[in-house]
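The following exercises are to be worked through with the sequence and the coordinates at hand. Each task is followed by its solution in steps.

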Amino acid sequence: MKLAKNVSRPAAFAAALLVLSLVWTLDVITPHQLNIVPLYLLPVGLATWFCRGRWGYVMAVLCTALWLWHDVAGNVLSPHWSVHTWNAVSHLSVFVLMAAMVEMIERMRRLGEQEREMSRLKSDLISLVSHEFANSLTTLKLTLTILREATGPDAEAERQKCYAILDRAYAHLNDSVTNFLNLNRIEAGRFVPHPKTVHLRTLIHSVISRMGPAIEESGVALRLDFPEHSVMVQTDPDALTVIMSNLIGNAFKYTPPGGQVTVSIKFPDGVPFARVAVEDTGIGIATGDHAKVASGFYRAENGKSVAMGFGVGLKVSRDLLESQGSSLEIESTPGKGSKFSFRLPLQSAPLSAAAQAPSTAPPRLPEAPLHADNL
Amino acid sequence: MGKTVLIVDDDPDLRHVLAAVLGTVFRVIQASGGEEAVAFLRRSRPDMVLLDVTMPGMSGLEVLAEAKSLHPELAVIMLTSRQDADLALKALNLGAVEYVTKPFDAAYIRDEVARLCSGPGPKDDRPWRIAP
């Protein structure tokens, strides 16, 4: 069934046309008494399966037309026109019925594929989250032991270290729980992508304002590089919220104080897409680890995992993007920073205006650390 | 004191607290990943390795194989959050002496390291132990 994915629609339709021409030739060269009509179902089925519904119906009409042409031109007995009409209508209904059935089966196949993808995503996430939990719980347990046992002149310093570790373990568990709840939303079917028209800037602003305190405490500057006009994209708003909070959250987590995180919306020339990017001046990821980061935690089954800290959130983001036909792209240099970007289909922003707007002199929003109230 | 334990885990906080817990009894060396651990093992032979299974880069099982080829008699305890029987058997087949699932507590890991550091004791019938 993977074939359906690998064949391009024009090529598949051309192949269906070729089959049709063979069937028609066979129809023409064989005696009229020989019934060739069922063979016309072949190109109809092919076109529907590989090119989706309406192309199947186009093929059904084409088959009927060709068959009728031969029937009228080649029938020496020349029956009454009503006979031709009746035959044409009956053939057309059978061909259309064929297209409708094949379309239904193909749709069910696609639904099944989506279901399998969702359940794979779910079980991946469960193992990811349990891994994060087990690590944090071990850290908590051992830290508590150290706190209890700490004595001597260095005890106070050790305790302070332990408090910081407990804080981090708490934050990590909190993130894990949040992503686990997202998993539940996926399970509840709310993350089967429901694309809607989304006001991209507003959505990103609301994500950032929710993260307000964490951003303020980080000592990292946030820069927004957005076009002045509004940007409407076609995507699932819930999924995009999760993706943006994971990417922006990661950027802040892995950028040391004094650094900068830039969230940008750009318009690559000539394509009706917006490219959203989250760029930081943080620790970066070694080139060899990019693929690991992108491929998820246990996917490869060879024990390789993502770079530290880029666990569940990045994987959820990547899977959510892929479930909507997009992909997460990673550019990163260790010690210099990372850039995570993806594209979203534009809804209504006129491409020409969009393409001119930001690339040369992008309108900048605040360069200073951003607070919730200046959004 | 005197016995050297190499801790290999990508989580710096976990590594730090594990080192602090074991540091009262053993000499502890930390490695943040498989490559660093292997580099250390090429130079030196600790008495014991505590090795995380799931790490970026080289996985724990790869490090285990490399460690056993460098020092066939080296005692390695695998640390993992995955209660995966297949993985446990794989690690034991590769020569790990013990398999500990996270979360574990300080007393348990101290006892285990002390027991296994004191040399090859009576052979345990069970294939691996689950932490209390």
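A residue is called buried under 20% relative accessible area, exposed over 50%, and partly exposed in between, with a 1.4 Å probe and protein chains only. The model is predicted: local features need pLDDT of at least 70, side-chain atom pairs count only at pLDDT 80 or more, and totals for chains, interfaces and linings use all residues. Residues are numbered from 1 along each chain as its sequence is written, chains are lettered from A and ligands numbered from 1 in the order in which they are written, and side-chain values use heavy atoms, with hydrogens and water left out.

**Exercise 1. Characterise chain A as a whole.**

Step 1. Of its 375 residues, 44% are buried.

Step 2. By the Shrake-Rupley method with a 1.4 Å probe, where for residues only the protein chains shown count as cover, chain A exposes about 18,900 Å², and carbon and sulfur atoms supply 62% of this area.

Step 3. Helices (H or I, at least four residues) and strands (E, at least two) are DSSP runs numbered from the N terminus. Chain A has 12 helices and eight strands.

Step 4. Contact means heavy atoms within 4.5 Å. Among the contacts in chain A with a separation of 6 or more, 77% join residues 24 or more positions apart.

**Exercise 2. Determine the strand order of the open sheet in chain A and describe its edges.**

Step 1. Two strands pair if DSSP finds at least two bridges between them. The five strands follow the order E2-E4-E5-E8-E7 (chain A), and the pairing is mixed.

Step 2. Strand E2 (221-225) and strand E7 (329-333) of chain A form the edges, each pairing on one side only. Neighbouring strands of the sheet are turned by 15 degrees against each other on average, direction ignored.

Step 3. At one edge, E2(A) and E4(A) run parallel and are joined by five bridges; Asp225(A) has Ser264(A) as its bridge partner in E4(A). At the other, E7(A) pairs with strand E8 (residues 337-345) of chain A in the antiparallel sense over five bridges, and Ile330(A) is matched with Phe340(A) in E8(A).

Step 4. Five of the five residues of E2(A) are buried. Ala221(A), Arg223(A) and Asp225(A) point one way from the strand, Leu222(A) and Leu224(A) the other way.

**Exercise 3. Which residues of helix H3 (residues 41-51) of chain A are buried, and what follows the helix?**

Step 1. Eight of the 11 residues of H3(A) are buried: Pro43(A), Val44(A), Gly45(A), Ala47(A), Thr48(A), Trp49(A), Phe50(A) and Cys51(A).

Step 2. Arg52(A) follows H3(A) and has a positive phi, near 75 degrees.

**Exercise 4. Describe the surroundings of Thr4(B).**

Step 1. Thr4(B) belongs to strand E1 (residues 4-8) of chain B and is buried, with a relative accessible area of 10%.

Step 2. Leaving aside neighbours within four places in sequence, Thr4(B) contacts Arg27(B), Ile29(B), Pro46(B), Asp47(B) and Met48(B).

Step 3. A polar contact is a pair of N or O atoms within 3.5 Å; within protein, one must be able to donate a hydrogen and the other to accept it, and residues adjacent in sequence count only if both atoms are side-chain atoms. The side chains of Thr4(B) and Arg27(B) form such a contact at 3.1 Å.

**Exercise 5. Assess the confidence of chain A.**

Step 1. pLDDT is the predictor's confidence in each residue, from 0 to 100. Chain A averages 78, and 78% of the residues score at least 70.

Step 2. Over residues 295-310 of chain A the pLDDT is below 50, and over residues 349-375 of chain A it stays under 50. Where pLDDT is low, the predicted coordinates should not be read in detail.

Methods. Axes fitted to C-alpha atoms, helices over the stretch in contact; angles between N-to-C directions.
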